[in-house]
Amino acid sequence: MADTIKLTIDGKEVEVPKGTTVLQAADRMGLDVPRYCYHDGLTIAGNCRICLVDIEKMPKLVTSCTTQAAEGMVVRTSGAKVEDGRKAVMEFLLANHPLDCPICDQAGECRLQQYSFEHGRGGTRFAEEKIKGFKAQSIGPHIELDTERCIVCTRCVRFCDEVTKTGELGVFQRGAYSYIDVFPGTELGNAYSGNTVDICPVGALTLKEFRFRKRVWELKDVPSTCGACARGCNVNLGTADEQIWRMTPRQNMDVNKWWMCDEGRLSYQPTHERPRLREALARWDGPPMAMSYPKALDFLAGRIAAAGPGGVGVIASGSLTLEDFYMLRRFASEAAKGARVVVPENRRGEDDAILIRADKNANSAGAALMGMPVDAGGHAHEALLRDSVAGKVDVLLVLGDDLVSEGRVAQLAPARGRLFICKIGAFESPLTAAAGLALPAPAYGEFEGTWVNFQGRAQWVRRGITPRHAAPETWRLLAELMVRAGIAAHFASAAEVLSEAGQRVEALHGLTARALGTQGVELATAGAGKP
Amino acid sequence: MSAAAEGQAPHVGIRFAKAGRGLTEATLRRIDEAIARYPEKRSALLPALWLAQQEQGFCSLEAQEQIAEKIGVSPAFVAGVVSFYTMYHTQPVGRHVVDVCTTVSCWLRGSDELVGHLESSLGIKVGQTTPDGRITLRTVECLGSCGTAPMCQIGDDYHEDLTFAKIDKILDGMT
Amino acid sequence: MGALTEKVLLRHTSHDDQTDLDAALERGAYQVLGKALKMQPDALVEEVKKSGLRGRGGAGFPTGLKWTFMPKETSKPKYLVVNADESEPGTFKDRLLMERDPHLCLEGFLISAFAMKASVIFIYIRGEFVHPWRMLDEAITQARAKGYIGKNVLGSGWDVDVILHRGAGAYICGEETALMESLEGKRGYPRLKPPFPASYGVYGNPTTINNVETLAIVPFIVERGADWFLGIGKEKNAGPKLFCMSGHLKRPGVYEAELGIPLMTLINDQCGGMLNPARKLKAVIPGGSSAAVMTAAECADLPMDFDTLAAKGSMLGSAGVMVMDESVCMVRACERVLKFYAHESCGQCTPCRIGADWIYRIVSRVEHGGGTTADLDTLVSVCDGMVGKTICVFADAAALPAKSFVAKFRNEFLDHISMKGCPTKGIPAGAR
């Protein structure tokens with residue numbers, strides 16, 4: 001085959017496509033050649049020099065990230081010659097480096113720590129005065145810069161040049177006095193600035209929202225999916241003490257490559273910072289009364305039964321899971337027959353050329369697959385609200401923390417007393433306060449289920465934390481309502497719901513939670529991508 | 001390059017400055033002409049910075065932003081270029097910048113003594129400007145005039161085979 | 001060995017009418033261009049190859065061979081870049097040529113560009129060389145008016161443009177790939193190789209970079225033939241060479257002689273001997289500061305050519321010969337050399353960014369009395385850590401001279417350490 005080449009690395013033969021570098025070939029083999037400046041998503045810089053390897057017939061060590069693999073090459077990524085080279089580079093890197101580990105966020109995931117432990121001399125002979133830099137400089141809404149820690153690998157500069165094409169960062173001066181900074185009077189303010197913190201191999205760039213909050217070794221990484229827009233970037237939730245402390249992107253070449261946007265990165269914050277609905281609250285006249293779930297559900301089931309055909313309206317957030325939507329579909333056809341379901345449009349801004357989608361629903365495509373496409377233009381939504389006020393709808397279920405509906409509370413005021421509103425959501429809001437019944441739902445990070453992104457890719461959202469209060473999933477509450485309507489609907493987990501949905505909904509092609517894995521599954525669906 | 005001053009810890013950091021105004025239309029036109037001379041726009045960056053320095057005496061932040069716009073690069077990119085090359089001033093300098101070469105060949109022929117003489121007769125240290133704004137004194141690396149050492153560059157001109165008397169006379173003639 | 005018996009490159013540099021094209025024409029300027037344009041470009045390349053001309057910028061790479069690296073078939077424009085960034089300490093020959101015989105330089109550039117079928121000549125001249133820049137600019141304007149530059153040069157069918165470009169103060173821009181980066185309007189960071197300039201050069205187009213002196217000798221090779229060139233100098237080290245003599249000499253300056261001329265001949269004959277006859281020769285840096293230092297004993301019988309100096313662990317480099325007498329403290333000289341590299345490191349890659357500054361600071365500390373013997377071991381080890389691990393050879397240019405000072409003048413370093421300071425009151429001839 002003319003398109004591949006065979007080479008030997010550390011005694012093992014490997015076959016790689018033409019154009020692969022030695023470093024990339026080593027990566028394929030699972031070897032861990034050290035690297036700072038190399039990143040799969042950025043152009044090759046070849047400036048850190050830590051990835052040196054020994055190639056037969058080449059007199060000097062060469063950087064594996066810049067060397068194309070060639071037929072018959074014999075490469076050694078270990079051994080005395082290579083280790084001497086790495087020791088030298090490590091000593092250089094640490095020469096002026098400040099002893100900040102005790103106060104540096106990067107500790108625990110720092111490549112200087114890791115490689116000096118694995119490849120360093122174990123001490124330094126640098127006896128000069130270290131070159132000082134600027135510490136803790138705010139250079140953007142989310143970014144703090146420490147130039148003393150910087151090793152000028154230029155990953156951050158290349159990211160801003162090549163990925164966001166915004167060029168906020170530059171390397172100034174030269175030689176040992178080189179440092180990275182923004183142009184005076186400007187800031188690192190693009191919508192993806194947080195990625196520079198991920199790719200910075202040391203603690204030179206830190207995220208303000210995470211700075212000094214948690215040591216990384218205390219975090220348990222939970223692989224999940226971001227819900228801030230219809231892209232569904234793959235993420236890791238950094239969890240500890242039943243809290244999410246940060247979100248970082250997880251690589252998925254089909255969805256988000258290596259990146260995520262700042263808004264998504266911080267989308268866990270409401271879970272802990274917005275006032276939460278913590279118990280089922282019923283309200284008629286006067287102050288709300290806490291109620292037990294069984295009682296609240298009995299009451300709601302009664303009102304639904306009393307409403308009669310077509311008397312139930314449902315506004316369902318486009319960020320509900322596939323499992324929620326499946327249960328809603330069954331509910332609307334089996335329990336509350338003729339229920340009108342509207343999934344409001346939730347768009348802001350434009351799709352950008354990188355990751356951000358104007359569609360801020362996490363699951364518009366999933367809703368469409370369940371026969372409940374998003375109400376583009378908002379006409380059905382308008383109609384439902386008008387009919388609710390006019391008395392044509394008796395029970396209005398608002399599922400999910402839909403900001404669009406939150407803004408319509410005033411519009412619903414005339415129907416007070418006549419219209420029964422039940423809000424099922426995670427957060428306190430004007431609507432929660434005006435509703436006849438408010439039931440807590442889990443917030444981001446607290447539920448698991450499936451979202452389908454704008455590409456028609458079904459991805460698993462994993463639960464990472466458990467709230468202290470009871471917050472059953474929306475599908476679970478709907479199932480309970482169905483049971484009270486005499487319909488069998490017993491599911492122990494979201495995975496079970498998905499299994500049934502996978503069997504019963506043709507468009508899901510027998511999908512199961514297991515099949516979703518950590519990278520998701522592309523559903524061959526026409527129309528799945530339309531907002 | 002911000003090397004350590006006497007007794008001070010070495011520290012990174014270059015200071016940029018504003019001029020208080022942008023470049024004139026005439027300079028901007030000349031920058032356009034420079035851009036037109038090259039097959040690719042960005043090659044005109046160094047010439048553009050020379051033109052800016054010619055007009056304002058240094059490469060101000062305003063000039064850098066204007067040039068960034070014309071060349072089609074970010075201001076941070078321009079600042080990175082400005083601060084890489086020693087001949088671009090990032091702050092206002094004296095009317096005359098005296099660059100004394102102190103590399104090996106000039107050192108062998110007395111450049112350090114020359115610098116000492118200039119420091120005491122001008123009353124300033126290397127890197128500083130006389131209070132009347134007349135002269136900025138700098139030391140630089142090899143200027144390619146080793147056969148006529150010691151020497152210095154002031155503006156466009158090389159002043160070679162210097163003695164204390166000779167440099168005194170040259171500086172006396174500079175207003 | 002063939003001695004040089006006439007001025008070649010320097011034959012017209014003593015005239016004072018350099019901006020007068022007519023005077024230059026009368027002296028023969030552009031005659032060889034006319035001859036060359038009637039030849040086949042490949043034949044020109046062959047002649048230069050046959051002559052064995054080696055690059056005069058510092059590396060001594062065979063020029064004709066370098067020209068053959070340009071692709072034969074390509075739709076991309078081909079470029080000749082003239083490296084007029086002369087910044088190697090001790091070197092001042094290109095400045096002389098550009099200032100004192102710009103038309104010769106231009107003629108050499110044009111013939112060479114024609115030989116490699118280049119359509120643009122970029123001249124990258126260091127920013128400090130304002131007068132040479134003006135001389136070249138004027139020469140280019142005159143040449144253009146005469147039809148030597150432009151479309152269909154002298155009816156040959158060849159089109160060529162010349163772009164004169166100023167640097168702004170960075171030694172590293174003399175490194176050919178850093179030069180290209182600077183020419184493209186960026187920081188002067190050397191590029192990763194491969195790809196090499198002949199396949200991916202300025203704007204990604206095939207490019208050859210040559211030194212001014214190298215190109216200036218080409219008209220003579222074309223006019224008089226490769227055999228004439230081979231008759232001067234030695235085997236594999238042929239031709240006339242400009243030697244830049246500086247330091248403790250009676251008559252420092254640029255001297256033209258055959259490659260292989262003994263160093264002491266240059267010092268005693270051409271330069272009139274030591275500046276102060278009472279002070280003996282102590283050391284010489286023979287090829288710009290990137291060359292290893294040679295002791296007086298090593299200089300006693302030292303042919304100045306590429307191969308001899310390389311065999312002796314140094315190099316001819318840019319032929320920047322810096323002569324030091326016994327008043328010089330070699331530790332201080334080493335410090336001064338390393339200060340240059342600390343200032344001029346571009347900072348792109350780790351070993352040089354940190355190492356160039358580090359070795360300067362070690363030697364500085366030894367010079368000022370704060371050194372220990374362990375520091376000497378560290379210095380050598382740090383130098384070894386820099387060599388062969390960087391993107392370009394700047395690190396080698398700093399480290400190998402540093403090692404040579406320590407190896408050959410170790411006693412002076414040890415004296416500084418034991419006496420906690422500089423024992424000599426070393427006084428290079430001061431300015432008065």
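Colleague: Which residue follows helix 8 of chain A, and what is its phi?

Modeller: Gly308(A) comes right after helix 8, with a positive phi near 75°. Helices here are DSSP runs of H or I with at least four residues, numbered from the N terminus. This is a predicted model, where local features need pLDDT of at least 70, side-chain atom pairs count only at pLDDT 80 or more, and totals for chains, interfaces and linings use all residues. Residues are numbered from 1 along each chain as its sequence is written, while chains are lettered from A and ligands numbered from 1 in the order in which they are written.

Colleague: How many residues does helix 8 of chain A have, and what span should they give?

Modeller: The expected span is 1.5 Å times one less than the number of residues. Helix 8 of chain A has 15 residues (293–307), so 21 Å is expected, and its end C-alpha atoms are 21 Å apart, which agrees.

Colleague: Which residues of helix 8 of chain A are buried?

Modeller: A general idea helps: an α-helix has 3.6 residues a turn, so residues three or four places apart point the same way. Buried means 20 or more other C-beta atoms within 10 Å of a residue's own, exposed means 12 or fewer, and partly exposed lies in between, with C-beta atoms placed from the backbone. In helix 8 of chain A, Ala296(A), Leu297(A), Leu300(A) and Ile304(A) are buried. Seen down the helix axis, they fall within an arc of 95° (taken from the directions from the axis to the C-beta atoms), so they line one face of the helix.

Colleague: And which exposed residues does the face turned away carry?

Modeller: That face of helix 8 of chain A has Pro294(A), Lys295(A), Gly302(A) and Ala306(A).

Colleague: What is the average pLDDT of chain A?

Modeller: pLDDT is the predictor's confidence in each residue, from 0 to 100. Chain A averages 94, and 97% of the residues score at least 70.

Note on methods: Helices (H or I, at least four residues) and strands (E, at least two) are DSSP runs, numbered from the N terminus.
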